Amino acid sequence: LNNGLARTPPMGWLAWERFRCDIDCKDDPDNCISEKLFKTMGDLLVKEGYKDAGYEYVNIDDCWLTHSRNAKNQLVADPTRFPSGITNLSSYIHNLGLKLGIYEDFGTKTCAGYPGILFQMDTDAQMFADWGVDMLKLDGCNVPTELMPYGYPEMGRALNRTNRPIMYSCSWPAYLAGGPKLPDYQAIAQSCNLWRNYDDIQDSWDSLKGIIDFYGDDKGNFSMFAGPGAWNDPDMLIIGNYGLSYDQQRVQMAMWAIMASPLLMGNDLRHIAPESKAILQNKNVIAINQDPMGKMGKRVIKNNDIQVWTRPVMPTGSYAFTIVNYGVYGTPAKLNYKLSDMGISGAKSYLITEVFDGGKIGVHTTSDVVTYTVNPTGVFMGKAIPQ
Ligand SMILES: OC[C@@H]1[C@H](O)[C@H](O)[C@@H](O)CN1C(=S)Nc1ccc(F)cc1
């Protein structure tokens, strides 16, 4: 979507995967969906160095609102859990130098059963703008998919009519996944700044593998529609939660960088292990994710437990690449590849580095055989720079 926003994949924090629809502020005051939670996460983005690393958006997800609209047909934030209101919350977030995101659903109700925006798009778009909201995630529960080619572009136009820059995340294609018809990625990319293509991420290695494989298959060539202002969204980063090992957390960070994915953390910034924080704030990996060309990486090799992805990055003619090992055969895999095997060519020789730690592997021609060591359920992330 050409609205000047999301020129690189958005970075920030999103409540859903970790905090879900916990509305019990009586018995679970520290984890319920409340203004306090979002203010706390905003504070920590600043205090813990995430803002400096590029993380900017603090995003509310489902379950923030009351079960009915007010007399003026407007959406209302739950008064017990958001006593100061959304405008106060956005001011707080803006004072931190951050941006606020909110959630709604193009349908009669949200997925958790709260009022949806169907038939109220202009009222709701204006409400979000008046509240000082900077991003909207529009879900697609409780509406026939036949209405989506109308509804998602129309809500984008409604947001535009407010004259407030609001980044627009669409769940539209995710509701068509596995269906008879391929999504219209051209229309989606013209209407949205980012779009969910596939199932929700859950806190597990299996869930992560399922998403990586869906994106590797690239059905409908959705990777071609990614670029500045328009991103495929494989869902939240679950680094720092319960389900991934250290190596598997590195896999997600490396793959989200290669896929030019939004980096929206779905975790608890109050309880992050140091090695998880280091992965989330790794400058070299974030630089690949934020590469200004905005070209989405693609899977170029897949055989059994090994897959290789490459992504064109700056400086011109350079490539980032990942070698992912799904294998669980205990010893690290020693894998031999020529750069030409990965589709990397064009220069006489390349400097190859390891991205996470910046270590030099060496200078190689595209036909040199290079041996990479990849841990079980782990990743090697490299960069090849023309010499
Ligand atoms: O409620 C919103 C939630 C998150 O926003 C996900 O990112 C969306 O893809 C959809 N979504 C879903 S399906 N939530 C949900 C899932 C199960 C349930 F019983 C109640 C709500």
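**Cavities, ligand shell and pocket**

The largest cavity has a volume of about 90 Å³, in a model that is predicted rather than determined by experiment. A search of the whole structure finds two cavities of 30 Å³ or more, and the lining of the largest cavity is made up of 13 residues, among which Leu-14, Asn-59, Lys-137, Ser-169 and Leu-264 lie nearest its centre. Two strands, β3 (99–105) and β4 (135–139), each supply at least two residues of this lining, and β4 gives the largest share, with three residues. In character, the lining of the largest cavity divides into six nonpolar, three polar and four charged residues.

The second largest cavity has a volume of about 30 Å³, and the residues that line this second cavity are Leu-14, Asp-233, Asp-235, Met-236, Pro-262 and Leu-264. Leu-14 and Leu-264 therefore deserve attention in both places, since they belong to the lining of the second largest cavity and are also named among the residues nearest the centre of the largest cavity. The lining of the second largest cavity divides into four nonpolar and two charged residues, with no polar ones.

Asp-235, one of the residues lining the second largest cavity, lies in the loop between β7 (231–233) and α9 (246–258). Is this loop residue buried or exposed? Asp-235 counts as buried because its relative accessibility is 4%, which is under the 20% limit used for that class. A polar atom of the Asp-235 side chain lies 2.8 Å from the backbone nitrogen of Ile-201.

A contrasting loop residue is Asn-304, which lies between β9 (298–303) and β10 (306–313). Asn-304 is classed as exposed because its relative accessible area is 71%, over the 50% required for that class. From Met-236, a lining residue of the second largest cavity, Asn-304 is separated by 68 residues in sequence and by 26 Å in space, C-alpha to C-alpha.

The next site to follow is the ligand, around which lie Trp-16, Asp-61, Asp-62, Tyr-103, Cys-111, Ala-112, Lys-137, Asp-139, Arg-196 and Asp-200. This shell divides into four nonpolar and six charged residues, with no polar ones. Which distances separate the ligand oxygen atoms from the side chains of Lys-137, Arg-196 and Asp-200? For Lys-137, an N or O atom of the side chain is 2.8 Å from an oxygen atom of the ligand; for Arg-196, a polar side-chain atom lies 3.3 Å from a ligand oxygen; and for Asp-200, a side-chain N or O atom is 2.6 Å from an oxygen atom of the ligand. Of the 460 Å² of accessible area that the ligand has on its own, the protein covers 67%. Lys-137 links two parts of this account, as a residue around the ligand and as one of those nearest the centre of the largest cavity.

The last feature is the largest pocket, which holds about 300 Å³ of space. Its lining consists of Thr-145, Glu-146, Pro-149, Trp-172, Tyr-175, Leu-176, Gly-179, Pro-180, Lys-181, Leu-182, Pro-183 and Asp-184, and these residues divide into seven nonpolar, two polar and three charged.

Conventions:
Residues numbered from 1 in each chain as written. Predicted model: local features only at pLDDT ≥ 70, side-chain atom pairs only at ≥ 80, totals over all residues. Heavy atoms only, no water. Near = heavy atom within 4 Å. Polar contact = N/O pair within 3.5 Å; in protein donor to acceptor, adjacent residues only side chain to side chain. Areas by Shrake-Rupley, 256 points an atom, 1.4 Å probe, with all protein chains shown as cover. Nonpolar A, V, L, I, M, F, W, Y, C, P; charged D, E, K, R; others polar. Helix = DSSP H or I, 4+ residues; strand = E, 2+ residues; numbered from the N terminus. Buried < 20%, exposed > 50% of the residue type's maximum accessible area, 1.4 Å probe, protein only. 1 Å grid on protein atoms, 1.4 Å probe; cavity = no way out; pocket = protein on both sides within 12 Å on 5 of 7 lines; lining within 4 Å. Points joined across faces, edges and corners; volume = space filled by probe spheres on them.
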